[in-house]
Amino acid sequence: MSLGVDIKANWPGFALNAAFTAPADRASALFGASGAGKSTILRAIAGLDKNITGRVEVGGEIWQDENIYCPPHKREIGYVFQDSALLPHLSVRGNLEYAQKRVAPASRRVKFGDAVDFLALGNLLMRFPDTLSGGEKQRAAIARALLTSPKLLLLDEPLSALDAGAKARILPLLQKLRREFAIPLIYVSHSIDEVARITSHMVLLANGAVLTTGPTAKILTALDQPLAHADDAGAVVDGMITAHDEKWRLSTVSFSGGRIFVPLVKLALNEPVRLRIRARDVSLALEHHGDTSILNILPVKVRKVQETGPSQSMVALDACGTALLARITHKSRDHLGLVPGKELFAQVKAVSLLV
Amino acid sequence: MPTSPELAAVWLTLKLAALSMAILMVLGGPLAWWLSRTSWRGKVVVEALIALPLVLPPTVLGFYLLLMLGPNGAIGGTLEALGLRHLAFSFTGLVIGSVFYSLPFAVQPLQSAFQAIGNRPLEAAATMRAGPVDRFFTVALPLARRGIITAASLSFAHTLGEFGVVLMIGGNIPGKTQTLSILIYDQTEAMQFGSAHMLSASLLGFSFLLLLGVYAMNRRFPVGLK
């Protein structure tokens with residue numbers, strides 16, 4: 001199943017001309033700075049803006065083209081608004097039921113209780129939106145969108161209005177959501193961290209146009225794209241838990257490029273996990289030093305080197321098929337003689353495990 | 001004690017106000033909804049027309065309605081041609097006059113209440129498979145309830161106190177078109193101050209209580225509901 005978008009909009013001070021296809025069977029990101037047009041595209045997919053012309057196609061079904069305009073209530077989507085948009089005259093339960101009631105019983109793939117449990121809304125069902133915190137509202141909004149049993153779940157910066165605590169609580173849920181409910185999603189965001197955790201494909205946008213699309217892991221580490229030069233640039237690595245070491249309280253994550261030790265986690269063996277390795281946490285060495293405190297050392301090959309600041313270079317590395325980034329000084333670059341194809345060792349000082 | 005003309009006038013006035021209010025809510029609701037959603041340029045003309053009764057002397061409105069509804073008017077004449085009776089000096093004529101006269105009192109609060117809802121709740125409902133009619137009844141109406149209560153009360157109260165239009169269209173037929181305000185006028189003319197005083201005081205008290213109820217209700221459903 002795939003999502004095809006080719007739309008145009010022209011408003012005073014803003015022009016959008018975006019065409020892309022994205023897999024609609026997994027989690028895709030619409031990523032870009034504010035004003036890039038991400039939300040506009042999401043609204044076009046939902047059919048919320050009639051002024052946007054062009055074509056929207058989901059899984060072979062045409063939702064909009066020159067002749068067709070399928071109104072939003074006939075598109076099988078779930079939508080999570082930035083400001084949650086709970087109906088203020090209904091309780092949390094009322095909001096969830098509003099969504100579920102309008103789906104024919106035979107098409108209801110998400111159970112009321114499952115959505116409530118997944119988002120921990122059990123104690124909030126009787127409450128009204130104006131008594132909820134931002135995080136609680138957004139959890140209710142996500143559950144409500146799930147209960148429409150959508151073909152495609154659209155999320156418009158669902159965490160951007162929340163404080164750090166609420167974000168940290170909801171982010172893992174969003175990460176698990178796609179697997180748990182088998183619902184593909186489109187996630188609008190300008191946070192690398194959120195996109196790295198949640199999505200496996202991304203559409204990179206700037207000034208109302210598509211810069212590039214591709215797998216998230218690839219775009220985050222592509223030196224010709226801006227994300228690989230961001231302050232918190234880094235790679236995402238998909239692997240699985242292969243061992244637990246109770247003595248040293250470490251778990252092993254294996255991926256195509258080798259093994260990485262992380263602090264012990266309570267996950268079953270063979271459980272898929274995603275790691276994020278920031279460019280600033282990777283240093284390079286020509287030799288594999290045994291006498292170092294750094295545990296995670298991976299053999300890598302230099303793919304490309306590019307200057308990223310007055311004194312720093314970004315090095316794109318290949319660890320047997322997995323892309324990594326390292327940020328080093330120009331001085332070290334010349335000292336190590338880094339050129340594409342050179343083989344050396346990446347020392348990973350820190351890893352975040354995204355579970 | 002009020003004798004039968006008084007009771008008849010009270011009954012007639014209440015009937016007129018209730019019926020006009022009901023018609024105004026049914027017609028004014030969709031009209032206000034449309035005005036609150038449309039971006040059509042001609043909208044201002046409609047808005048100005050609706051507001052006209054606010055500034056026009058009721059006698060002017062009554063005068064033209066009388067011409068239209070009377071035996072030689074566009075509407076009254078047609079009815080006569082169809083073998084029906086024209087509407088001048090009839091209760092039906094009064095209701096039509098009242099609907100026009102109180103139209104802004106129903107439409108304006110409804111329109112601003114609908115506008116205050118904003119797009120977001122309606123968009124959210126649309127993404128939950130609610131079609132336009134569904135959205136109107138399950139989102140717009142409940143969220144505009146404050147405006148609905150205000151519109152219903154104001155149009156009812158305003159019709160209660162109507163004088164000029166009623167006098168022009170209805171004449172002054174006891175039991176048929178003689179409303180409270182006209183009876184009070186009659187009694188004052190005839191120097192029956194006691195009776196006029198009692199009716200006036202009742203109308204004053206009732207209107208005050210009605211408005212008090214509206215404002216108290218509005219306090220209970222604060223603006224936060226928008």
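Select chain A of this predicted model and display its contacts: among those with a separation of 6 or more, 66% join residues 24 or more positions apart. Colouring by secondary structure then reveals eight helices and 20 strands in chain A.

Next, view chain A as a whole. Its C-alpha atoms fill a box of roughly 65 × 50 × 35 Å along the principal axes. The radius of gyration of chain A is 22 Å, which agrees with the value near 20 Å expected for a compact globule of 355 residues. Colouring by burial marks 44% of the 355 residues of chain A as buried.

Now colour chain A by domain, selecting residues 2-220 for domain 1 and 234-354 for domain 2. The centres of these two domains of chain A, taken over C-alpha atoms, are 33 Å apart. Where they meet, seven residues of domain 1 of chain A are in contact with seven residues of domain 2 of chain A. On the domain 1 side, select helix 6 (192-198) and helix 7 (216-220) of chain A, the elements that give two or more residues to this contact. Helix 7 of chain A contributes the largest share, four residues. By character, this side of domain 1 comprises three nonpolar, two polar and two charged residues.

Finally, bring chain B into view. The contact between the chains draws 18 residues from chain A and 16 residues from chain B. On the side of chain A, select strand 6 (77-80) and helix 2 (92-101), each of which supplies at least two residues. Strand 6 of chain A gives the most, with three residues. Colouring the chain A side by residue type shows twelve nonpolar, four polar and two charged residues.

Notes. Residues are numbered from 1 along each chain as its sequence is written. Chains are lettered from A and ligands numbered from 1 in the order in which they are written. This is a predicted model: local features need pLDDT of at least 70, side-chain atom pairs count only at pLDDT 80 or more; totals for chains, interfaces and linings use all residues. Two residues are in contact if their C-beta atoms, placed from the backbone, lie within 7 Å. Ala, Val, Leu, Ile, Met, Phe, Trp, Tyr, Cys and Pro count as nonpolar, Asp, Glu, Lys and Arg as charged, and the others, Gly among them, as polar. The radius of gyration is taken over C-alpha atoms; the globule rule is 2.2 Å times the number of residues to the power 0.38. A residue is buried if 20 or more other C-beta atoms lie within 10 Å of its own, exposed if 12 or fewer, and partly exposed in between; C-beta atoms are placed from the backbone. Domain bounds come from an automatic or database domain assignment.
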